[in-house]
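Colleague: I have a model open and would like to learn how to read it. Could you walk me through it?

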Amino acid sequence: MTREAGVAARREGGASWRPRLAEGTAPVLVVLLLLLVGLAVTGPAYDEPSGYLALLKRAAPLMILAIGQYFVIVSGGFDLSVGALVTAGVVIAARLIDGDESATTGVVLLVLGFGLLVGLVNGLVTTKLLVPSFIVTLGMMLVLDGAVFLWTDGAPRGALSAGFRTFGRGSVDVPLLGEVPWSVLILLAILVAAALFMRGGTGRALVAVGDNEAAVRLSGGQVDRLRLLAFVLSGLLAAVAAILLGGFAGVSAQVGNGLEFRAITAVVLGGVLLGGGRGSVVAAAAGALSLEALFTLLNLLGVSGALESAVQGVIIIAAVAYAALGGGLRQRLRWRPKRNSTQPAPS
């Protein structure tokens, strides 16, 4: 192809370009829409926009965790330490603040720094010592759980200040929208930043690492740095989720229990491929919102909350099976040889 033909082809492609959803995003958006309709039919609280704002407020910590988990999973890893990190962040904040309003800012920064440190350790052990991320973060989860129990004797002490709890419980008056929770605004800011990040070169390289690490290395990509960045972002966002949950749910030694599995379930529900290489950060966040909407709907229908773990297990198995079957079908269609119309048909 000549240079002029290439330019013409690019112009033609640009003229016909249309924005489209990333692969795997459409199904979770359909599921989310159906769940929201189900809530509107079942729950009288969802007749008004305030009901959906309350749902978004409850889902914000899980959605933020799912965004952090997405960075790790799409690059080919797992982070099982985020639930324990959330618990540690809340317990540390309550113990250090102990009702002192003047300590709020410093402790918020400390919790964020602690999240960064945990993510950094997870990333360094995974990339430098070549320990599988599943094992590293499982070990970190146990370390954090044990440290919290040892420090608190199973009963957290201290109290969060009103300023700290504002992030999880407070709201701000937004023109045309009215009272919008701070947690929703923080979630939207993080989601927009994450989406823009994934559209850039570093975000695309992160996906490429999960898809084909060897190819990225051969092309000069810094695989270890990219994976380290993914774990650091996951730790930071887990710390943000801890701040929001501390304000919303209060101080508890069980506040983060099971959140790591909920985050993974949300990411898988969002169509992100376990093992990395495919998925959208917006779809991962939508998966978390869908999960929260599903559990809310089941609660309204009177289904026991004890079934939540079973539901999460079914979702993970079904989503992975769907991705595997869909990928195999696409592969067969892509590589099926085309019959040449000029050749005679076999007799």
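Modeller: Happy to; we will go from the whole chain to two residues. Keep in mind that this is a predicted model.

Colleague: Which secondary structure elements does the protein chain have?

Modeller: The protein chain has 14 helices and two strands. Of its 347 residues, 44% are buried. The accessible surface is about 18,100 Å², and carbon and sulfur atoms account for 65% of that.

Colleague: How do I read contacts along the sequence of the protein chain?

Modeller: Look at sequence separation. Among contacts between residues at least 6 apart in sequence, 77% link residues at least 24 apart.

Colleague: Now a single residue: is Thr-126 buried or exposed?

Modeller: The general idea is a cut-off: buried means under 20% relative accessible area. Thr-126 has 13%, so Thr-126 counts as buried. You will find Thr-126 in helix 5, which covers residues 104–128.

Colleague: What does the side chain of Thr-126 reach?

Modeller: That side chain comes to 2.7 Å from the backbone oxygen of Asn-122. Setting aside residues up to four places away in sequence, Thr-126 touches Val-131, Ser-133, Val-136 and Phe-231.

Colleague: Why does Leu-185 count as partly exposed?

Modeller: Partly exposed lies between the 20% and 50% cut-offs. Leu-185 has 29% relative accessibility, so Leu-185 falls in that class. Leu-185 sits in helix 8 (residues 182–199). Beyond neighbours within four places in sequence, Leu-185 contacts Val-172 and Val-180.

Colleague: How do I read a distance between Leu-185 and Ala-60?

Modeller: Set sequence beside space: Leu-185 and Ala-60 are 125 residues apart in sequence, while their C-alpha atoms are 9.4 Å apart.

Definitions and conventions. Residues are numbered from 1 along each chain as its sequence is written. This is a predicted model: local features need pLDDT of at least 70, side-chain atom pairs count only at pLDDT 80 or more; totals for chains, interfaces and linings use all residues. Side-chain values use heavy atoms; hydrogens and water are left out. Helices (H or I, at least four residues) and strands (E, at least two) are DSSP runs, numbered from the N terminus. Buried means under 20% relative accessible area, exposed over 50%, partly exposed in between (1.4 Å probe, protein chains only). Contact means heavy atoms within 4.5 Å. Accessible areas come from the Shrake-Rupley method with a 1.4 Å probe; for residues, only the protein chains shown count as cover. A polar contact is a pair of N or O atoms within 3.5 Å; within protein, one must be able to donate a hydrogen and the other to accept it, and residues adjacent in sequence count only if both atoms are side-chain atoms.
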